[in-house]
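Trainee: Could you take me through one part of this protein, slowly and closely? I would love to look at the strands.

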Amino acid sequence: MKFLHLADLHLGKRLHDYSLLDDQQAVLAQALQLVRDRQCDAVLIAGDVYDRPQPSVDAMQLFDRFLTGLCEANVPSYIISGNHDAAGRISYFSGLLEKSGVHMPAEFSGRLQSIPVPDSRIVIHLLPFIRPMDVRRHYSDEEIHTYEDAVRIVLHHSPLDKECVNILLSHQFITGAATCESEEFAIGGLDNINAEVFADFDYVALGHLHQPQRCQRDTIRYAGSPLKYSLSEEHQRKSFLLVDVRGKDDIAFEQIPVQLPHDVRTVQGTFDALQNTPYTEDYVRVVLTDEIVPPDARITLRSTFPNMVKFNVENSKTSTEIDVAAFESFQDKSPLELFSDFFAFQNNDVRPSEEQLAIVRRIFTELEEEQV
């Protein structure tokens, strides 16, 4: 059995207020083409289908088109919910969709949902993202304090046929795995799970962490996210993970690079050097190193970097960072405060002087008197 292991699609996600739906559509089109070209027998999606529990209509339509493409190619899919998903929304219509080869776990019952693959000795087990409280309601007499406790209890009550090739889909944080800032974790590390709890499974298809990686052994793997979802991921190499299961002890892997529609990266240099950089629509953090920064540097550089997500000034005097897409609420701010914010935004985070503020105060006062 050959399958494509995907995870952390985060459909509908925005990167510093830039919509990534077009990029996600392009990446899913690549995945669908790969499934056809390599004649995959299935697609496994290990959680975080959407970026939030109540996804947008556009995000849901994008996922619908992807699943429809798989069904048209007669390729079954196995899908679990992640911590960003609402489990009930992922499992909605699961009974009906199963008739089309789309397998999603029904409401969590405290045990794995196990699906035998026809004409094989392979069983695929679905374990959506679970918290201790999700498991306690089914096993009130058990001591369940951590996420590892929760997973151990579920697996203990879900016996396996060890003569079969057992494949598990799970969306949890394995202790020691590499993380980045776009992922969410429990305070104090309570969500850490030792990879040893999965010892009885021949392959564990993980989701939750965005960097592709193995955990303790080759057959426990995070597929990683197909796109870079934060600046902390700029050095990650995104890939599609093909898994070829030939037997219990014969599983091969192939990582195929994703062709990113837009990269996420940092560009650094003087104003003149960056202004002469080739035009790019990548999502970039701009780091300006001039000792004297031109007043409208950020606005001017937008003509070269239209998808600028951060603007930094790093020199011997200062080190400031502006979140270009951050919008503060202005409802409770005075006109003078709004002017001060606008001035700083236009001038590399330098606030107006007292002399400049005095001039603006006088102008505002005159305007108020005219209105009276």
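In what order do the six strands of the open sheet lie?

Mentor: Happy to help! This is a predicted model, in which local features need pLDDT of at least 70, side-chain atom pairs count only at pLDDT 80 or more, and totals for chains, interfaces and linings use all residues. Residues are numbered from 1 along each chain as its sequence is written, and side-chain values use heavy atoms, with hydrogens and water left out.

Your open sheet has the order 7-8-9-12-14-13, and its pairing is mixed. At its edges are strand 7 (113-116) and strand 13 (213-215), each pairing on one side only. From one strand to the next, the twist averages 30 degrees, using axes that are lines fitted to C-alpha atoms and angles that run from 0 to 180 degrees between N-to-C directions. Strands here are DSSP runs (E, at least two residues), numbered from the N terminus, and two of them pair if DSSP finds at least two bridges between them.

Now follow the edge at strand 13. Three bridges join strand 13 to strand 14 (residues 217-222), and the two run antiparallel. Arg214 has Arg221 in strand 14 as its bridge partner. In general, strands of a sheet pair through backbone hydrogen bonds, either parallel or antiparallel.

For the parallel sense, look at strand 17 (residues 264-269), which pairs that way with strand 18 over six bridges; Gly269 is matched there with its bridge partner Leu288. Strand 18 also pairs in the parallel sense with strand 19 (residues 308-314), over five bridges, and the bridge partner of Arg285 in strand 19 is Lys310.

How values were computed
Helices (H or I, at least four residues) and strands (E, at least two) are DSSP runs, numbered from the N terminus.
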